[in-house]
Each structure stands twice: as C-alpha cells, then as structure tokens.
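Thanks for making the time this morning. I would like to walk you through one chain and its two ligands, so please keep the view open while I talk.

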Amino acid sequence: MAVYTEVSFDEARELLRQLNLGELTALRGIEGGIENTNYFVTTEQDGRPADYVLTLFERLTSEQLPFYLHLMKHLAQHGLPVPDPAANRDGDILHTVQGKPAAVVNRLRGHSELAPTPAHCAAVGATLARMHLAARDFAQHQPNLRGLPWWNQTVPVVLPHLSTSQAALIQSELAYQNHVAASSAYAALPRGPVHADLFRDNVLFETGVLTGVFDFYFAGVDSWLFDLAVCLNDWCIDVQAGTHDAARAASLLAAYAAVRPLTAAERQLLPAMLRAGALRFWISRLWDQHLPREAAILKAHDPSHFERVLRERTRHPVTL
Ligand SMILES: Nc1ncnc2c1ncn2[C@@H]1O[C@H](COP(=O)(O)OP(=O)(O)O)[C@@H](O)[C@H]1O
Ligand SMILES: N[C@@H](CCOP(=O)(O)O)C(=O)O
C-alpha cells in the first residue's frame, strides 16, 4: 500500500487539465513504494491514451523538491530515460494536491529486473555514467540528505536497538567513514548530482533494454563513486548471502568505465565506498524499522541484509 492520501477523480482531472495533459480516463493507486503516495493516471489526448504517474510527497518539503524535479527534467532533456515532470502554463513543475506537494511525470515503460544478468548490469553501469556526465552542468545544488552528517546524527538514535556486536560494528564503521571523508583521496573524488538509490526496483527493462530510471527522491550532490558503490551493492550482490557477484560487478564496472573512466582516487577508494554504501542503507533501514512514521511504512526493508553486506565488504574488499 502506498496511498497515504486519497486523491479523488475530480481533483486529479482538474490537475491534468491544468497541465494540458488531456482528459482523465483512469486513476489507480500504486501498491509498490514506501515513501510517497503514487497513482497511475491515464488520459486521452487527441483520441489516444497517455500514461502518467501522480505523486503526492508525504515527507519531502517544497524546499527540497525543486532539486529532484529539476534534476529529472535536466536529465530527460539530455536524453536519459527518466521521468519528465509536467509543467503548468506558468512553467511550474511542483504542484499542490490535498495541501501536499505533488508532481505528474510520464509513465516509463518496462518492468523491474529482480534477477539481473551481467548484461542488465552493463546497461545500468552505462546509464549511471551517462547520468553523472549529463548532470555536470545542472545548476542547482542540494547535498545528499542521507550522507555522512545524517549517518552521524542517526547512528546514536538507532544504537539502543542493536546487539553488542552490531553496535560495535556500526560505531567502528562510522568512525572509519569519518576518517575516510577527511582524507586527501576522498577530497579528490569527482562529485556531482547523483541518484544515490539506484536499486533493482528503481530501474525498468523491456526485452532486455533499459527503458527507465526513476525515484530520484534520495538524489543529491555526492561523489560519483558513492553512487557507483550503491549500485554495485544492490545489482552485484547475492541477495540471500550478501556476497559479491564478481561477474555482474565486472560487467557493471566495465560498462560504466567505458563511458567515464575511473580516476586513481576512485580506484583507491572503491572498497571504502562499498562499505559506505552498505552502512548508509543499514542505518536507514534500522531507522525505518525502529522509528517508523505513524503506521505509514508497512513494508520496511530488512536491515540485516545490509549488515551482512557490510560485514562481507569489510572481510573481502573488492579491489580494482
Ligand atoms: N515514472 C514512472 N514510470 C513507471 N512506473 C513508475 C514511475 N514512478 C513510479 N512508478 C511505479 O511506482 C512504484 C512506486 O514508486 P517509487 O518511486 O518506488 O515510490 P516511493 O518513492 O514511494 O518508494 C514503482 O515501483 C513503479 O512501479
Ligand atoms: N532502496 C532503499 C529504500 C528506498 O525505498 P524506495 O522504495 O523509495 O526505493 C532500500 O532498499 O533500503
């Protein structure tokens, strides 16, 4: 269930009219997702059906949202297969529905590939590198709001819920990541707007071709290597064991590097960033599990998965 706020047919029809997207014919709540209220919307335009997604933002604010929405528009204008937020007559892409910030984007074709092959991983690697390069001249700046300062703030909050060995691991990893962030190699990492949550369920494929990347609502300015590490930690991991899949990782990395070769600092810090990526999602899953919003998160993700990935990444560093 990811309809926290009910939208009536009339309200949706009015918004779609204002956006000049045709006459509403169908409105259906989307079950997947945990953060926002999402609806699939169909309209009729010039006698043809057109599909959109209407999102009401439940947690993100009107101050934070322009960065995400304009980044999506920027990437779409650069030919990336990402949702393109629809503007009204005044050019605004952030709207209001039921007093909440809202957006309407085109519905991307395809299905999530939850059992990816090296070929799927190559497509993800190449697209990630293209997104990094295309976002270089994106003018707006917003930090990754789930970056190191948030980890430092949130670890003490989740700590009381952990076993002794988990507490020791999370504290020592946090200390290590603070140490890495202060290093000259870290300062040398190329940075820019990154997706920061490019998991299997945020990418669509159709007959083996990557047709969509969505859910930019954890995006922010961070190192490109962090984004790459987040991807490797999801696309190139055995989900049951949390272990590294060398064939899929080689494929993703080679395709990424064919578009944008890695720098010396990136090659050096890959093992540390793989640990950082695992720590980031271990912390957020613990936070969602132990400090849920009022009955809102009904499908909290399992934190122990990223605890396993972090232990694996520490025990068996992947070097280039
Ligand atoms: N632009 C889009 N095109 C196609 N499907 C989409 C699009 N945006 C969202 N979806 C669908 O909605 C579901 C929930 O979206 P998601 O962004 O993951 O929600 P949340 O941010 O609430 O977690 C996705 O799994 C996908 O099926
Ligand atoms: N990918 C994150 C959770 C983010 O949720 P989403 O449904 O908005 O992608 C995780 O797996 O912990």
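**Two ligands, two domains, one core**

Let me begin with ligand 1, which is surrounded by 18 residues, the closest being Gly32, Gly33, Glu35, Leu108 and Asp215. I should say at once that this is a predicted model, so please take everything that follows as computed from it. By class, the shell around ligand 1 is made up of 9 nonpolar, 5 polar and 4 charged residues. Domain 1 (9-106) and domain 2 (118-315) each contribute to that shell, and ligand 1 therefore lies between them.

Now please turn to ligand 2, whose shell consists of Gly33, Ile34, Glu35, Asp197, Phe199, Asp201, Asn202, Asp215, Phe281, Ser284, Arg285 and His301. Divided by class, these residues come to 3 nonpolar, 4 polar and 5 charged. Where does ligand 2 lie with respect to domain 1 and domain 2? Both domains give residues to its shell, so ligand 2 lies between them.

That brings me to the domains themselves, which the domain assignment places at residues 9-106 for domain 1 and 118-315 for domain 2. Their C-alpha centres are 27 Å apart, and the contact between them draws 17 residues from domain 1 and 18 residues from domain 2. If you look at the side of domain 1 that touches domain 2, you will find 12 nonpolar residues there, together with 4 polar and 1 charged.

The next thing to consider is the interior. The largest nonpolar core holds 78 residues, and those with the most contacts inside it are Tyr68, Ala229, Cys231, Leu232, Leu252 and Met273. Helix H9, which runs over residues 264-290, gives the most to this core, namely 12 residues. Because domain 1 and domain 2 both supply residues to the core, it lies between them. To take one of its members, alanine 229 is in contact with Met273, Leu274, Ala276 and Gly277, if we leave aside its neighbours within four places in sequence.

I would also like to point out two residues for their backbone, since each has a positive phi without being a glycine: threonine 207, at about 40 degrees, and aspartate 215, at about 65 degrees. Threonine 207 sits in the loop between strand E7 (203-206) and strand E8 (209-213), whereas aspartate 215 is found in the loop between E8 and strand E9 (220-223). Which of the words buried or exposed fits threonine 207? It is exposed, because there are 6 other C-beta atoms within 10 Å, and a count of 12 or fewer is what exposed requires. Aspartate 215, by contrast, counts as buried, because it has 21 C-beta neighbours inside 10 Å and the cut-off is 20 or more. You will recall that aspartate 215 is also among the closest residues to ligand 1 and belongs to the shell of ligand 2.

Let me finish with the chain as a whole, which has 10 helices and 9 strands. Its C-alpha atoms fill a box of roughly 60 × 45 × 35 Å along the principal axes. For 320 residues, a compact globule would have a radius of gyration near 20 Å, and the chain, at 20 Å, agrees with that. Of those 320 residues, 38% count as buried. Finally, among contacts between residues at least 6 apart in sequence, 71% join residues at least 24 apart.

Terms used
Residues numbered from 1 in each chain as written. Chains lettered and ligands numbered in written order. Predicted model: local features only at pLDDT ≥ 70, side-chain atom pairs only at ≥ 80, totals over all residues. Core = buried A, V, L, I, M, F, W, Y, C linked by C-beta atoms within 7 Å. Helix = DSSP H or I, 4+ residues; strand = E, 2+ residues; numbered from the N terminus. Domains from an automatic or database assignment. Contact = placed C-beta atoms within 7 Å. Nonpolar A, V, L, I, M, F, W, Y, C, P; charged D, E, K, R; others polar. Rg over C-alpha atoms; globule rule 2.2 N^0.38 Å. Near = placed C-beta within 6 Å.
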